[in-house]
Amino acid sequence: MKFLFEDESFSYETLRTTGFAGDGGAALVLDDGLYDYQEPHLALLPPFLRDWVTSGRDDLADPVLGLLMQVDTQTRWALRNGVWTFGASSVGDYVRRTGAYTLDGVAQLIDCPTLILDAENDQFFRGQPQRVQAALTCPHTLVTLPEDEGAGEHCHAGAMTRFHQVTFEWLDTALSGTPGAA
C-alpha cells in the first residue's frame, strides 16, 4: 500500500509521478494542488514583460524583473528561490522552465483517491487546486482551509494542527476501504 503526500508547489511532481506510475497509490494528498505552474508566474506580469520572458528576451526582461524584485519582498523571494531550485541561468529562464510543469493531459491518469488541499488566501496559487479538482476523474475531495481557522495562507502557515487534522481524518476514511469513502 502506497500513500503519497506532497506539499506546496511540488505537488505537481507527485501528481505526475502517480499518474505515470500506472499502479497509482492507495491515496494521494496534494497540499496544495497545482495544475499549471507557469500560469501564476505569467499572470503577475504586464503583457509586455510576459512577451519578453516567453520569447527569451532576457536582455530586456531581467532588468525589469530585477526592479520588481527590489520593491517587493514576496516577488524577490519567489523568483530567487525559483532560479535556485530550477538551476536556471536567469529569472526569465526560470519562468520559461516552469512551462513544462502542467497537468494538462495527465491528471486523468490518476486512479487513487486524492485529497486536494487549498488555502483560502493563497497568495501564490489561487485557483490552482480547483483546476486540479476539475481535471481529476478519480475519487477526490477538495478541502479549502479558511482564514478564520488560521489556515488560509499559503502552506497553511499558523495552523498546521488543523491541516494535520483534516489530512489524517481524510486518510482514515480513504484508506478504510469503505466504498465511496474518498
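**A walk through three spots in the model**

Let's start at glutamine 38, which sits in helix α2, a stretch covering residues 38-43. Keep in mind as you look around that this is a predicted model. Is glutamine 38 buried or exposed? Its relative accessibility comes out at 17%, and since the cut-off for buried is under 20%, glutamine 38 counts as buried. As for its company, set aside the neighbours within four places in sequence and you find glutamine 38 in contact with Val95, Arg96, Thr98 and Gly99.

Next, the cysteines. How many disulfides does the structure hold? The count is zero. Take cysteine 112: the closest cysteine sulfur to its own belongs to cysteine 138, and the gap is 6.1 Å, which is too far for a bond. To be called a disulfide, the two sulfur atoms would have to be within 2.5 Å. Seen from the other side, the story holds for cysteine 138, which is in no disulfide and has the sulfur of cysteine 112 as its nearest cysteine sulfur. Both residues are tucked away from the surface: cysteine 112 is buried, with a relative accessible area of 1%, and cysteine 138 counts as buried too, at 6% relative accessibility.

Last stop, helix α5, which spans residues 73-86 and includes threonine 85. With 34% relative accessibility, threonine 85 counts as partly exposed, because that value falls between the 20% and 50% cut-offs. What does the side chain of threonine 85 have for a polar partner? Look to asparagine 81: its backbone oxygen lies 2.7 Å from a polar atom of the threonine 85 side chain.

Conventions:
Residues numbered from 1 in each chain as written. Predicted model: local features only at pLDDT ≥ 70, side-chain atom pairs only at ≥ 80, totals over all residues. Heavy atoms only, no water. Helix = DSSP H or I, 4+ residues; strand = E, 2+ residues; numbered from the N terminus. Buried < 20%, exposed > 50% of the residue type's maximum accessible area, 1.4 Å probe, protein only. Contact = heavy atoms within 4.5 Å. Polar contact = N/O pair within 3.5 Å; in protein donor to acceptor, adjacent residues only side chain to side chain.
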